[in-house]
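Here's a quick walk through the charged side-chain pairs in this one. Have the structure open and follow along.

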Amino acid sequence: MEKKVGSKTYFYEEGDLFFKGYDHDVYICKDKKGKPYFLAIPQEGRYEEVLKAKKFLKKIGVDGPKIKKADGDNRVILMKYVEVAPVPGLLLKEEIEEGIYEEIFRLAKFARLSKFTIDFRPENYFYGRKGMFYFGTSFKPLKEEERFERGDIALWMRTKEGIKHLKDLGYDVSHLVPYTELEAKKAIVLRVVKDYQ
């Protein structure tokens, strides 16, 4: 398929779906020279909302792919491509890379300092050499009980909730052994002490 963004045409296939959000989908597309980009296609009537959210999140320090061109006529957003992998798949590995936790705490910090919280479910995040990127658009005023370190951190660890969440996303979790309740509490406390900013 192809989409016009400004005066240029970008090409992608249905199978190039990279991220499915509640208000937009992101595809990997290419220009005529084969250079990759991310192409955000908002749901009908959600273009302005998605664009505004992405700009606001960037303003408060929550990294997402950089916007190259927002095309209101064609209702699409072209973004810079970065080599990243979906966080849920990375959480399945035997050894989870330390940088994943450092980066999610960094994004949580910037949102918190601006008195906002974002959707911390792992499927909204992608991680690579250039750090953590939030592909979602959800944010809301911060409530103490909704801070990352007080709730959704459990979805990023080998807790019963975390493993169930990965299973619900369709991942094979048969090789993962969940923490006991005591181990989970201890692991969360140690992680917060180590990475809270």
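## Salt bridges overall

Counting Lys or Arg side-chain nitrogens within 4 Å of an Asp or Glu carboxyl oxygen, you get 17 salt bridges. Keep in mind that this is a predicted model. The general idea is simple: side chains with opposite charges can pair up when their charged atoms come close.

## A link between two helices

Start with Lys194 and Glu98, a salt bridge whose closest N and O atoms sit 3.2 Å apart. This pair ties together distant parts of the chain: Lys194 belongs to helix H5 (residues 181-195) and Glu98 to helix H3 (residues 98-113), with the two positions 96 residues apart. Is Glu98 buried or exposed? Neither, quite: its relative accessibility is 33%, so Glu98 counts as partly exposed.

## A pair within helix H3

Next up is Arg106 with Glu103, where the closest N and O atoms are 2.8 Å apart. These two are three residues apart in helix H3, so about one helical turn separates them. The cut-off for buried is under 20% relative accessible area. Arg106, at 19%, therefore counts as buried, and so does Glu103, at 17%.

## Arg147, Glu149 and a network

Arg147 and Glu149 also form a salt bridge, and here the closest N and O atoms are 2.7 Å apart. Arg147 is buried, with 13% relative accessible area, and Glu149 is buried too, at 12% relative accessibility.

Which residues get joined into one network by salt bridges that share partners? Those are Lys58, Asp63, Glu103 and Arg106.

Definitions and conventions:
Residues are numbered from 1 along each chain as its sequence is written. This is a predicted model: local features need pLDDT of at least 70, side-chain atom pairs count only at pLDDT 80 or more; totals for chains, interfaces and linings use all residues. Side-chain values use heavy atoms; hydrogens and water are left out. Helices (H or I, at least four residues) and strands (E, at least two) are DSSP runs, numbered from the N terminus. Buried means under 20% relative accessible area, exposed over 50%, partly exposed in between (1.4 Å probe, protein chains only).
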